[in-house]
Amino acid sequence: EWYTPFMIFHKLTMGFAVISIVNGVFMQETFKVAASDDTIMMRQTESKKRVHMKKMRVFFNHADASGDGILDEQEFMTVMRNHQVQSWLAAQDLNFSDAAVLFKLLSNSKGEITAEDLVSGVARLKGAARSLDLCVFAQETKGKLGMLDKRMDEMFALTGLSSQ
C-alpha cells in the first residue's frame, strides 16, 4: 500500500510516453502525406516565389541610392561591398565570387538593373553554384565568340579573302 503513489506515477508516466509516441508517429505520417500532395507543393512553391519577390524588392530599394528605380553599376557595386549584403545574398542561396560579373548577368542591355530584372535574374541564378557558374561561362563564351568574329573579319579584310 505504501507503493501505490509510485505505481500511479509509473502508470501515468508510461501512459503519457506511449501517447506521445503515437502522436509523433501520427504527425510524421501526416507531414509525409502533405509533402507529397501536389496542391500543397504548388502552394509552397508560389509562396516561396512571393517571398523571394518581396525580399528582392526590399534589397533593390535599399540598393537604389538615387531612388530613380534603376540600379547602375556604381550603386550595385557600392551595395555589394557590404559584407552583410553578401551574407544575406548567400543566405538567399545566391553565391557569387565577382560582383561585376553578377551585375553583367543581372543587367539589361542598357547596363542597368530594374526591380524586375533583379527579381527574375536572381531567381534564375539561385541554387547550386553550378547554375551561376554556367551563366558566367555562357556570358564569357558569348564575349569570346564576338571577339573571335571581329578578329576573323579583320583578318579577312587584310588578306582580301571572303569570310564565307
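How far apart are the axes of α2 and α6 where they come together, and at roughly what angle do they cross? In this predicted model, the two axes come within 9 Å of each other and cross at roughly 130°. An angle of that kind falls neither within the range of 65 to 115 degrees counted as roughly perpendicular nor over the 145 degrees that marks a roughly antiparallel pair, and α2 and α6 are therefore oblique to each other. The crossing itself, as α2 passes α6, is right-handed.

The residues that bring these two helices together can be followed on both sides. From α2 come His52, Met53, Met56, Arg57, Phe59 and Phe60, and they meet Ala115, Glu116, Leu118, Val119, Val122 and Ala123 of α6. Sorted by class, this contact of α2 with α6 holds 9 nonpolar residues, 1 polar residue and 2 charged ones.

Helix α2 itself deserves a closer look. Running through residues 38-63, α2 counts 26 residues and spans 37 Å between its first and last C-alpha atoms, which is close to the 38 Å expected at 1.5 Å a residue. His52, Met56, Phe59, Phe60 and Ala63 are its buried residues, and the elements against which the buried residues of α2 pack are β1 (70-71), α3 (73-80), α4 (83-91), β2 (113-114) and α6 (115-125).

His52 offers a useful view of one such position. This histidine is found in helix α2, and it counts as buried because its relative accessibility is 9%, where the limit for buried is under 20%. Leaving aside residues up to four places away in sequence, His52 touches Val119, Val122, Ala123 and Lys126; among these, Val119, Val122 and Ala123 also appear on the α6 side of the contact with α2.

A second partner of α2 is α4. These two helices pack at an angle of about 165°, and their axes lie 12 Å apart, an arrangement that makes α2 roughly antiparallel to α4. Here α2 passes α4 in a left-handed crossing, and the contact is made by Lys55, Met56 and Phe59 on the side of α2, with Val85, Trp88 and Leu89 on the side of α4. The residues of this contact divide into 5 nonpolar, no polar and 1 charged. Met56 and Phe59 thus take part in the contact with α4, and both are also listed in the contact with α6.

Helix α6 also packs with α5 (residues 99-106), at an angle of about 115° and with the axes 9 Å apart, which makes α5 roughly perpendicular to α6. The crossing of α5 past α6 is right-handed, and the contact is formed by Leu102, Leu105 and Leu106 of α5 together with Asp117, Leu118, Gly121, Val122, Arg124 and Leu125 of α6. By class, the contact of α5 with α6 has 6 nonpolar residues, 1 polar and 2 charged. Leu118 and Val122 of α6 belong to this contact with α5, and these two residues are likewise part of the contact with α2.

The last stop is a residue of helix α1 (residues 4-35), namely Val33. Val33 is exposed, because its relative accessible area is 57% and a residue over 50% counts as exposed. Between the C-alpha atoms of Val33 and Val79, two residues 46 positions apart along the chain, the separation is 43 Å.

Terms used:
Residues numbered from 1 in each chain as written. Predicted model: local features only at pLDDT ≥ 70, side-chain atom pairs only at ≥ 80, totals over all residues. Heavy atoms only, no water. Helix = DSSP H or I, 4+ residues; strand = E, 2+ residues; numbered from the N terminus. Expected span 1.5 Å × (residues − 1). Buried < 20%, exposed > 50% of the residue type's maximum accessible area, 1.4 Å probe, protein only. Contact = heavy atoms within 4.5 Å. Axes fitted to C-alpha atoms, helices over the stretch in contact; angles between N-to-C directions. Parallel < 35°, antiparallel > 145°, perpendicular 65-115°, else oblique. Left-handed = near helix turned anticlockwise from the far one by under 90°. Nonpolar A, V, L, I, M, F, W, Y, C, P; charged D, E, K, R; others polar.
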